Amino acid sequence: MTMVIEKMKLGGAGRNVMVKDTIDISGYPTRASSRALKDVEAAQQNAAVVDALFNGGCQIIGKTVLHELAYGTTGINNYAGTAENSRYPGRIPGGSSSGSAAVVAAGLCDFSLGTDTGGSVRIPACCCGVFGFKPTFGRIDRRGVMPEQTSLDCIGPFAASLSLLIEAMRIIDPSLKRLPEATDICIGRVSVEPSAEVQHAIDAVLDASGFVLGKVQLNSMQAAYDAAMVVINRETWNACGHLLETGLIAPDVAARLQAAGQTSDQALAAAEQVRATFTSEVDAALDRFPVLALPTMPDYPLRLEDATDTRAVLGMTAFVRPFNLSGHPALSIPFEGKSGLPVGLQLIAAKGADELLLAVAGELLRRLDSNLL
């Protein structure tokens, strides 16, 4: 198993950072952990976010492995290597930003960057027991990040503590404002159906936080999940479908990609209608409660041997993928369930309210007297 596919020492003497290998670094190829891209030429310039890291004095020390072409949720990659989940051995690291979560969990860097198109930061953050943040869609400059065209994908940081995560955000988003006070916030619990142990863990955290809690029903969650799958399939096909001709894509990803090529214009138009409906539904809930809360994943991370069929395990993104469709900022906070396995608390805020979301997370952890701060 591996986490880092290319070691380097670039930039300043500040925070040590690793980045997902869908993010261009000048002079290095961007292969997205795919054999089909093994001979791709080196990038000619840095992604905008890499320049932001250098401007922040960071030192980039490696590129991280991922689920091939960022098109899978388990992180299993038999070509480039499957990142080791050091905190929860034998469990999947999550995908697609598997290596970026794993290197943080293993203490190999101060923070890392991944990308989140359908949960690809929050899922591995949950699986590996670290913090993972998907900012508001469009907030972080994506120039130089694969895929070039997307209506879902966001660059986001991983860190082992909330304070480091916030520091990472300040570096990659200099427009991030001072975090507001978050003492009188009401949190809306989104009604979902996770496993009993996940539900118990999330309820225990929220109840112990002392925040005023209310109930939220998002009736379009399932429709939004399905619509987000349609959109990611069309956009991934547009970006990567031509690579099927190489015959070098792993069978699990190739099968998904082949099926994605059948996505119709009618299905895409219907998905966009669902996007509008669900976005309005989430916005309405956020008018009542400034922050929404629900589990990051419906259950504990699978064992590696039980996660070989990517298409069969896509349901693990049921609680995260809808918020890629809507574009709201989302944070996964690490906790554990009764069995000593990872559970993520996912917090959602209004578009552009990334600062409030991070502030509420900080206040929640302070109230729990957590050592994660």
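This passage describes backbone geometry in a predicted model, namely two cis peptide bonds and two residues with positive phi.

Most peptide bonds are trans, and most residues other than glycine have a negative phi. Against this background, the departures in the model are reported with their places in the chain.

A cis peptide bond links glycine 95 to serine 96, with omega at about 10°. Serine 96 belongs to the loop that runs between strand S3 (59–64) and helix H2 (98–105). In a second case, methionine 146 is joined to proline 147 by a peptide bond that is cis, and omega there is near 0°. Proline 147 is placed in the loop between strand S5 (131–134) and strand S6 (154–159).

Positive phi values were computed for leucine 69 and alanine 70, neither of which is glycine. For leucine 69, phi is near 60°. This residue sits in the loop between S3 and H2. Leucine 69 has a relative accessible area of 7% and is therefore buried, the cut-off being under 20%. For alanine 70, phi is near 55°, and alanine 70 also lies in the loop between S3 and H2. The relative accessible area of alanine 70 is 18%; because this value is under 20%, alanine 70 too counts as buried.

The loop between S3 and H2 thus holds leucine 69, alanine 70 and serine 96, whereas proline 147 is found in the loop between S5 and S6.

Note on methods. Residues are numbered from 1 along each chain as its sequence is written. This is a predicted model: local features need pLDDT of at least 70, side-chain atom pairs count only at pLDDT 80 or more; totals for chains, interfaces and linings use all residues. Side-chain values use heavy atoms; hydrogens and water are left out. Helices (H or I, at least four residues) and strands (E, at least two) are DSSP runs, numbered from the N terminus. Buried means under 20% relative accessible area, exposed over 50%, partly exposed in between (1.4 Å probe, protein chains only).
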